Amino acid sequence: MLDLFPGLRSLRAFDAAARHVSFTTAAAEMNVTPAAISHQIRELEDQIGATLFTRTSRSMALTREGDILLAASAEAIGSLSTALQRIH
């Protein structure tokens, strides 16, 4: 188990970037800068010790580890969203 569970902000940034396969589009969705998304992703990658995206100058793609985390983060964020809607 990880010594420090990733923060929700990093997971949300990852989820948006992975769904859009774009830091720019994820940034627009979250009302932050692409640099902020990049920083959150790098922090998450450093924390879990895995590369989540392959990056080139013109494109990016999810790695196998990124695919695994996307499935889990989408489910977790969806469950949290549902619970919060039920509360309000």
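Here is a quick tour of a few spots in this structure, from its helix packing to its ring pairs.

The model is predicted, so local features need pLDDT of at least 70, side-chain atom pairs count only at pLDDT 80 or more, and totals for chains, interfaces and linings use all residues. Residues are numbered from 1 along each chain as its sequence is written, and side-chain values use heavy atoms, with hydrogens and water left out. Helices (DSSP runs of H or I, at least four residues) and strands (E, at least two) are numbered from the N terminus.

**Helix 4 and its partners**

- Helix 4 has 24 residues and should span 34 Å at 1.5 Å a residue (taking 1.5 Å times one less than the number of residues); its end C-alpha atoms are 35 Å apart, which agrees.
- Gly 66, Leu 69, Leu 70 and Ser 73 of helix 4 are buried (under 20% relative accessible area, with a 1.4 Å probe and protein chains only; exposed is over 50% and partly exposed lies in between).
- The buried residues of helix 4 pack against helix 1 (8-20), helix 3 (34-48) and strand 2.
- The axes of helix 1 and helix 4 come within 9 Å and cross at roughly 115 degrees (axes are lines fitted to C-alpha atoms over the stretch in contact, with angles from 0 to 180 degrees between N-to-C directions).
- Among the residues that meet here (contact means heavy atoms within 4.5 Å) are Leu 11, Phe 14 and Ala 18 in helix 1, and Leu 69, Ser 73 and Ile 77 in helix 4.

**Aromatic rings**

- The whole structure holds 2 aromatic pairs (rings of Phe, Tyr and Trp, using its six-membered ring, with centres within 6.5 Å).
- Phe 23 and Phe 53 have ring centres 5.6 Å apart and planes at 90 degrees, so they sit edge-to-face (over 60 degrees; under 30 is stacked, and the rest are tilted).
- That pair links distant parts of the chain, with Phe 23 in helix 2 (residues 23-30) and Phe 53 in strand 1 (residues 53-55), 30 residues apart.
- Both Phe 23 and Phe 53 are buried, and ring pairs join them with Phe 14 in a cluster.

**Thr 63 and Arg 55**

- Thr 63 lies in the loop between strand 2 (60-62) and helix 4 (64-87), and is buried at 12% relative accessible area.
- Beyond its neighbours within four places in sequence, Thr 63 is in contact with Thr 51, Leu 52, Phe 53 and Thr 54.
- Arg 55 belongs to strand 1 and counts as partly exposed, at 34% relative accessibility.
- Leaving out residues up to four places away in sequence, Arg 55 touches Phe 23, Ile 41, Arg 42, Glu 45 and Met 60.
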